[in-house]
Amino acid sequence: MSAPEMDPVADEPGDDEPAAEATGEPIAPAVVQPEDARCGFIAVIGAPNAGKSTLVNALVGAKVSIVSHKVQTTRVALRGIAIDGASQLIFIDTPGIFKPRRRLDRAMVEAAWGGAGDADIILLLVDAAKKLDEDIDRIIGRMNEVHVPVILALNKIDRVEKGDLLALAQSLNERVKFSATFMISALNRNGIDDLKHHLAKVVPAGPWHYPADEVSDAPMRLLASEITREKIYHRLHEELPYEATVETTDWKEKKKEVRIDQTIFVTRESQKAIVVGKGGAMIKQISMESRRELSKILEKDVHLFLFVKVREGWEDDPERYREQGLAFPKD
Ligand SMILES: Nc1nc2c(ncn2[C@@H]2O[C@H](COP(=O)(O)OP(=O)(O)OP(=O)(O)O)[C@@H](O)[C@H]2O)c(=O)[nH]1
Ligand SMILES: [Mg+2]
């Protein structure tokens, strides 16, 4: 990698003692599990902003996927893992399915349907507080093509009148043969346990895929990039978050602390100025918020160094897709 274009920003000084290189990959231990084990992959699909990532985090009981009030936050199909009784539930949090325009959009839609294709069960999440629109129509239109059970979950019921909710459930059930319908609030955890117990009953019998204490299969480096990307989504607006990408370039871990280097790629000089902010104020804020959350997750002191680089046309560079775990669409 070429030299950074600006000094790294760290809100804590790093230190220069030699540190062991961590690979971020867990060493697979033998999976201990009950005799009557069940295990299944559940793809959570739905329109952008329906609350899919919030739901996966609620079901897993840990933050495995980033959330924002903006659409198209999730880019890659990420897995979150939960245990309920003798069942291991592996949730695939997919990007929102929408009408793809840019190449990145197409990669995200493919990742979403790809995630659904790998699943034993599809969980279709619909924002009940929103009118049915063409996003939902497009998804519903393809539901009859899938050959696994589809469960409907109406989300955000904290924002809907009961009568409207029942009418929505009925009209969707007239169009697709759902195996079950749930009404939930992913944000308030309302109905989450019922949904989880149901899933635990219907996933196929079979051995667990992951150790009991694992909540995500994503390498820590990717999760760390995602956390910083979430802070960018919270702090910056308009097209910038969509045109920014974060890569973790270095990870040095010691017993009690970890040094993480990340690069934020933007597509134009003007965007770089916004990300850095006046006197570096914005990047410091992003760095501080990301570092705090990473420290909590890693249970270690984190020294986070953020670099900002302009890379024109990263959206057409296959390597940038691979780094984010996406397949590169040819056209
Ligand atoms: N009121 C309310 N808001 C919710 C609920 N669930 C999620 N949200 C909010 O909806 C917004 C979108 O949530 P996400 O989990 O990022 O949605 P997503 O479906 O993963 O979005 P994409 O990844 O962009 O497709 C966030 O602001 C959430 O806090 C809910 O049950 N009630
Ligand atoms: Mg999401």
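These legends accompany close-up views of a predicted model.

**View 1. The largest nonpolar core centres on a few well-connected residues.** This core has 59 residues. I42, A43, V44, F91 and L123 touch the most other members. L123 is in contact with I42, A43 and V44, and also with I151 and A153, leaving aside neighbours within four places in sequence. A second, separate core holds 26 residues, including V246, I264, V266 and L304.

**View 2. Residues surround ligand 1.** The shell has 24 residues. G51, S53, T74, G96 and L187 are the closest. Helix α1 (residues 52-60) gives the most to this shell, with three residues. By class, 13 shell residues are polar, seven are nonpolar and four are charged.

**View 3. Helix α2 (residues 103-117) and its cover.** The 15 residues of α2 should span 21 Å at 1.5 Å a residue. The end C-alpha atoms are 21 Å apart, which agrees. The buried residues of α2 are L104, A107, M108, A111, A112, G115 and A116. An α-helix has 3.6 residues a turn, so residues three or four places apart point the same way. The cover over the buried residues of α2 includes strands β2 (38-46), β4 (87-93) and β5 (121-127), along with helix α10 (318-323).

**View 4. G325 lies in the segment after α10.** G325 counts as partly exposed because it has 16 C-beta neighbours inside 10 Å, where 20 or more would make a residue buried and 12 or fewer exposed. Not counting residues up to four places away in sequence, G325 touches V76 and L222. I260 is 65 residues from G325 in sequence and 19 Å from G325 in space, C-alpha to C-alpha.

Terms used. Residues numbered from 1 in each chain as written. Chains lettered and ligands numbered in written order. Predicted model: local features only at pLDDT ≥ 70, side-chain atom pairs only at ≥ 80, totals over all residues. Core = buried A, V, L, I, M, F, W, Y, C linked by C-beta atoms within 7 Å. Contact = placed C-beta atoms within 7 Å. Near = placed C-beta within 6 Å. Helix = DSSP H or I, 4+ residues; strand = E, 2+ residues; numbered from the N terminus. Nonpolar A, V, L, I, M, F, W, Y, C, P; charged D, E, K, R; others polar. Expected span 1.5 Å × (residues − 1).
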